[in-house]
Amino acid sequence: MSDDITTITVELHGGPLDGQTVRVTITDDDPWTAIPNAGCTYPGGRSLYAPDTTGHWVWQDDQPAGAP
């Protein structure tokens, strides 16, 4: 069986998780990641990161817990 999911490790820039690294799937048409984060704007929420035009994964916004 082959592994169809391709992941890479990226460094996060800006926002509450600046400097941390995470693994992300790079086969998605709309790449972004929502990371549970106790330090985000919403208690129990997630911080959203996405690649910019240079390939750096930058903070976009915070999202409340339970948001799609």
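In which strand is D62 found? This residue lies in strand β5, and the model it belongs to is a predicted one. A walk through the neighbours of this strand shows where D62 sits.

Strand β5 covers residues 57–63 and pairs with strand β1, residues 7–13, in the parallel sense. Two bridges join β1 and β5. One bridge partner pair is H13 with V58 of β5.

Strand β5 also pairs with strand β4, which spans residues 46–51. Here the sense is antiparallel, and there are six bridges. D62 takes part in this pairing, as the bridge partner of S47. The two strands β4 and β5 form a hairpin, with five residues between them. G55, in the turn, has a positive phi of about 95°.

Now consider the surroundings of D62. Is D62 buried or exposed? D62 is buried, yet it has no salt bridge. Its nearest side chain of opposite charge belongs to R46, 9.4 Å away. A salt bridge requires a side-chain nitrogen of Lys or Arg within 4 Å of a carboxyl oxygen of Asp or Glu, so R46 at 9.4 Å does not provide one for D62.

Which side chains make a polar contact with the side chain of D62? One is that of T41, at 2.8 Å. Another is that of W59, at 3.1 Å.

Leaving aside residues up to four places away in sequence, D62 touches P16, C40, T41, Y42, R46 and S47. Among them, T41 makes the side-chain polar contact already described, and S47 is the bridge partner in the pairing of β4 with β5.

Methods. Residues are numbered from 1 along each chain as its sequence is written. This is a predicted model: local features need pLDDT of at least 70, side-chain atom pairs count only at pLDDT 80 or more; totals for chains, interfaces and linings use all residues. Side-chain values use heavy atoms; hydrogens and water are left out. Two strands pair if DSSP finds at least two bridges between them. Helices (H or I, at least four residues) and strands (E, at least two) are DSSP runs, numbered from the N terminus. Buried means under 20% relative accessible area, exposed over 50%, partly exposed in between (1.4 Å probe, protein chains only). Lys and Arg count as positive and Asp and Glu as negative; His and the chain ends are not counted. A polar contact is a pair of N or O atoms within 3.5 Å; within protein, one must be able to donate a hydrogen and the other to accept it, and residues adjacent in sequence count only if both atoms are side-chain atoms. Contact means heavy atoms within 4.5 Å.
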